[in-house]
Amino acid sequence: MKRIGLISIICLGVFLSGCKTSREGMSTGKANTKALREFVASMQEQALHFHTFSARLNVDLEMSGKQVSSRVEMKLVRDSILQLSVQPFLGIEVFRLQLTPDSLKALDRMNRRYVAEEYSSLKRQIPIDFNFYNLQALFINHLFLPGERDVFDDFLYDHFRLEREGFITRLHAEDRLDIHYLFEADSEEKLLSTTITEPAGVYALQWKYSDFQSVITDADLFPRKMDVSLLKNTARQGGMTLYYSRLQLDKPLNMDFPISSKYKRVSLAEIEKLLVPNP
């Protein structure tokens, strides 16, 4: 499970370097009774839509017994580029991570080194379906299917299995390696959590959403707080809390990623040894 969503875990480790409407993720009124396809279609319709997204993230990280807080600037061109800039000291960048659908770049300014790798080489080491679009969905509170770009084609809806308990609707899915994906939504069809569990059921990555606020209108709610946990036998082993502020949609973004010729290129495996310690 240490390999599930490797990029998500790397994002956790990266942070070691260094009048609006508000509604909580609680349901009121009647339980949702929509059938599977109608329910998923409604969730997709209500999800936040944009071409570009930027925000400031205040991050509280707990991992390997360490607790660190940092500011992170996030920029996203949907389905294209995700950049995270770690700025723990007075807006000074110490680490930058860039992800695209087919590559990863990481810039470590403190140690003057960088990583640049194609996913094709990573897939040979980590043959999982989880991809760039799935990671993007975690950061923007969207439903997803492992390995798929989006869930807008209704024939994909049948890949989910629907289950209900009171006001909560659960959508279950599995990938080709039998990794389990669980999405929980309230009766208003807001996505409250995503949990990814390895086949043995011991290790899991859980992403919870709360403090829903409107971005432009009262209809487009977005969670300003995200709690991410690494679990072993349901017990929390570490994680981070993300607090979103200064959200902007569809504004021009500078997505440059300059790398100095003085920086040394290293492998992702070398960075991983520092960020993801062996059990």
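1. Let us start in the middle of this predicted model. Its largest nonpolar core has 68 residues, and Phe 53, Met 74, Phe 160 and Tyr 244 are the ones with the most contacts inside it. Which helix or strand gives the most to this core? That is helix H4, with seven residues. A separate, second core is made of five residues, among them Leu 107, Tyr 114, Phe 257 and Tyr 263.

2. Tyr 244 is a good residue to click on if you want to see the main core from the inside. Leaving aside residues up to four places away in sequence, Tyr 244 touches Phe 53, Ala 55, Arg 56, Leu 57, Met 74, Phe 139, Phe 222, Pro 223, Arg 224 and Met 226. Two names in that list, Phe 53 and Met 74, are also among the residues with the most contacts inside the core.

3. Now look for empty space. Rolling a probe the size of a water molecule over the atoms shows where such space is left. Here the largest cavity holds about 130 Å³. Its lining is made of 17 residues, and those nearest the centre are Arg 78, His 142, Leu 143, Arg 149 and Asp 150. Sorted by class, the lining has eight nonpolar, five charged and four polar residues. Helix H4, residues 132–140, gives the most to this lining, with five residues. You have met H4 already, as the element that gives the most to the largest core.

4. Helix H2 spans residues 36–46, and its buried residues are Leu 36, Phe 39, Val 40, Ser 42, Met 43 and Gln 44. While you look at that list, keep a rule of thumb in mind: an α-helix has 3.6 residues a turn, so residues three or four places apart point the same way. What do the buried residues of H2 pack against? They pack against four strands: E8 (161–165), E9 (168–174), E10 (180–185) and E11 (191–197).

5. Ser 42 deserves a closer look within H2. Ser 42 counts as buried because its relative accessibility is 11%, and the cut-off for buried is under 20%. Apart from residues up to four places away in sequence, Ser 42 touches Lys 34 and Glu 189. Ser 42 and Glu 188 are 146 residues apart along the chain, yet their C-alpha atoms are separated by 9.5 Å.

6. Gln 98 sits in strand E5, residues 95–99. Is Gln 98 buried or exposed? Gln 98 counts as buried, because its relative accessibility is 7%. From C-alpha to C-alpha, Gln 98 and Gln 83 are 4.5 Å apart in space, with their positions 15 residues apart in sequence. Gln 83 is also one of the residues that Gln 98 touches, and others include Ile 81, Leu 82, Ser 103, Leu 104, Met 255 and Phe 257. Phe 257, you may recall, belongs to the second core.

7. Two more strand residues are worth a visit. Leu 84 lies in strand E4, residues 81–86, and counts as buried because its relative accessibility is 3%. The C-alpha atoms of Leu 84 and Ser 54 are separated by 10.0 Å, and the two residues are 30 apart along the chain. Met 240 is in strand E14, residues 235–249, and is buried, with a relative accessible area of 1%. Met 240 and Leu 230 are ten residues apart in sequence and 9.0 Å apart in space, C-alpha to C-alpha.

8. Next, some backbone angles. Most residues other than glycine have a negative phi. Which sign does phi have at Arg 112? Its value is positive, near 50°, and Arg 112 is found in the loop between strands E6 (103–108) and E7 (113–118). Thr 234 also has a positive phi, of about 70°, although it is not a glycine. Thr 234 has its place in the loop between strand E13 (221–232) and E14, and counts as exposed because its relative accessibility is 72%.

9. Finally, a word on confidence. The chain averages a pLDDT of 86, and 84% of the residues score at least 70. Over residues 1–7 the pLDDT is below 50, and this stretch has 29 contacts in the model beyond near neighbours in sequence. Residues 12–22 also stay under 50, and the model has 41 contacts for them beyond four places in sequence. Where pLDDT is low, the predicted coordinates should not be read in detail.

Technical notes:
Residues are numbered from 1 along each chain as its sequence is written. This is a predicted model: local features need pLDDT of at least 70, side-chain atom pairs count only at pLDDT 80 or more; totals for chains, interfaces and linings use all residues. Side-chain values use heavy atoms; hydrogens and water are left out. On a 1 Å grid over the protein atoms alone, a cavity is a set of points where a 1.4 Å probe fits but cannot get out, and a pocket is an open set with protein on both sides within 12 Å along at least five of seven lines; lining residues have an atom within 4 Å of a point. Grid points are joined across faces, edges and corners, and a volume is the space filled by probe spheres set on the points. Helices (H or I, at least four residues) and strands (E, at least two) are DSSP runs, numbered from the N terminus. Ala, Val, Leu, Ile, Met, Phe, Trp, Tyr, Cys and Pro count as nonpolar, Asp, Glu, Lys and Arg as charged, and the others, Gly among them, as polar. A nonpolar core is a set of buried Ala, Val, Leu, Ile, Met, Phe, Trp, Tyr and Cys residues joined through side-chain atoms within 4.5 Å. Buried means under 20% relative accessible area, exposed over 50%, partly exposed in between (1.4 Å probe, protein chains only). Contact means heavy atoms within 4.5 Å. pLDDT is the predictor's confidence in each residue, from 0 to 100.
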